[in-house]
Amino acid sequence: MNYDEIKFKAAETRKNLGIGQYDMVDIFKVLKDIENISLIITKIKGNISGFFMRHKEAGLIVINASRSLGHQHFTAAHEFYHIKYDIGMSGKVCPINKFEEEYQNERDANHFAAHLLVPDNALEYMILKRTKGQQITLNDVIFLENYFQVSHKLMLLRLKSIGAITSKLYDSLEKNIIKNAAQLGYNTDLYRNTENKGTQIYSDYAELAQTLLDSGRITYGKYEELLLDGGYADILYGDNEESEGAENAFEDADSF
């Protein structure tokens with residue numbers, strides 16, 4: 001697929017999702033609430049941004065919590081492309097590589113993610129609104145990446161791709177971003193990893209496993225295996241007090 005086709009596909013996807021022309025994309029919300037794709041953000045060892053798995057209509061994306069939140073947003077959009085448009089692919093691990101990948105489908109996924117999160121027209125509009133035609137400064141770049149909720153690296157790449165900054169200016173804007181963002185009053189979570197939050201799960205995975213168990217389609221052993229694989233060990237081995245409380249509440253409710 002050529003570059004213009006990817007741009008069109010990203011624009012069409014935004015339109016179908018009901019995302020405004022200049023709006024930022026809450027990609028985690030899109031995956032979970034609109035596309036019904038399960039999302040797990042957890043620490044992954046090695047040079048991996050994330051991976052996806054697909055089985056029939058079900059999709060799962062796993063993202064490396066050891067990368068910055070901005071990078072995670074890009075990875076989510078990248079894996080979204082694989083699930084939505086790489087129809088013949090049932091799963092793939094995506095390492096941390098260059099934006100201009102040598103493999104066509106990885107390059108397509110990168111360009112799709114970039115244009116889904118930061119479309120040309122939205123970026124140009126926000127630049128003009130912010131700078132009033134003046135030269136872009138580091139403060140402007142930090143504003144733009146926080147508006148679109150993407151990494152500093154991706155914002156520089158997008159600005160360079162539309163000709164808003166030169167290669168020389170690109171190089172001068174690369175460093176000390178967290179310190180500068182903090183001095184400007186921005187929350188710096190966008191630039192940090194999320195390991196301290198533990199595994200985050202956005203999914204109805206546990207509910208589906210319970211449904212399969214209740215309908216007799218899987219054994220209890222398989223149910224346990226699914227919960228453990230999905231990071232739901234607390235459901236199996238959590239505090240019994242909550243279960244007892246739930247049972248009592250049910251009995252109370254049933255008595256009326």
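In this predicted model, helix α3 (69-85) supplies the largest share of the lining of the second largest pocket, namely four residues. That pocket has a volume of about 390 Å³, while the largest pocket has a volume of about 790 Å³. Strand β1 (residues 38-42) is another element worth following, since five of its five residues are buried and the strand is therefore largely enclosed by the rest of the structure.

**The second largest pocket**

- Of the 20 residues that line the second largest pocket, those closest to its centre are His71, Phe74, Ile96, Asn97 and Phe99.
- At least two lining residues of the second largest pocket come from each of α3 (69-85), β4 (91-95), α4 (104-117) and α7 (152-161).
- Sorted by class, the residues lining the second largest pocket comprise seven that are nonpolar, eight that are polar and five that are charged.

**The largest pocket**

- The largest pocket, with its volume of about 790 Å³, is lined by 31 residues, of which Ser38, Ala58, Leu60, Tyr205 and Leu208 are the closest to its centre.
- Two or more residues of this lining are given by each of the elements β1, β2 (48-55), β3, α10 (205-214) and α11 (220-229).
- Among the contributors to the lining of the largest pocket, α10 gives the most, with five residues.
- The lining of the largest pocket divides by class into 14 nonpolar, ten polar and seven charged residues.

**Strand β1 and its surroundings**

- Both faces of β1 are covered, with Ser38, Ile40 and Thr42 buried on one side and Leu39 and Ile41 buried on the other.
- The strand β1 is joined by five bridges to strand β3 (residues 58-64), and these two strands run parallel.
- Within the pairing of β1 with β3, Ser38 stands opposite Leu60, and both of these residues are also listed among those closest to the centre of the largest pocket.
- Three bridges join β1 to strand β5 (residues 200-202), and in this case the two strands run antiparallel.
- On the β5 side, Leu39 has Tyr202 as its bridge partner, and Leu39 lies on the face of β1 that also carries the buried residue Ile41.

Key
Residues are numbered from 1 along each chain as its sequence is written. This is a predicted model: local features need pLDDT of at least 70, side-chain atom pairs count only at pLDDT 80 or more; totals for chains, interfaces and linings use all residues. Side-chain values use heavy atoms; hydrogens and water are left out. Buried means under 20% relative accessible area, exposed over 50%, partly exposed in between (1.4 Å probe, protein chains only). Two strands pair if DSSP finds at least two bridges between them. On a 1 Å grid over the protein atoms alone, a cavity is a set of points where a 1.4 Å probe fits but cannot get out, and a pocket is an open set with protein on both sides within 12 Å along at least five of seven lines; lining residues have an atom within 4 Å of a point. Grid points are joined across faces, edges and corners, and a volume is the space filled by probe spheres set on the points. Ala, Val, Leu, Ile, Met, Phe, Trp, Tyr, Cys and Pro count as nonpolar, Asp, Glu, Lys and Arg as charged, and the others, Gly among them, as polar.
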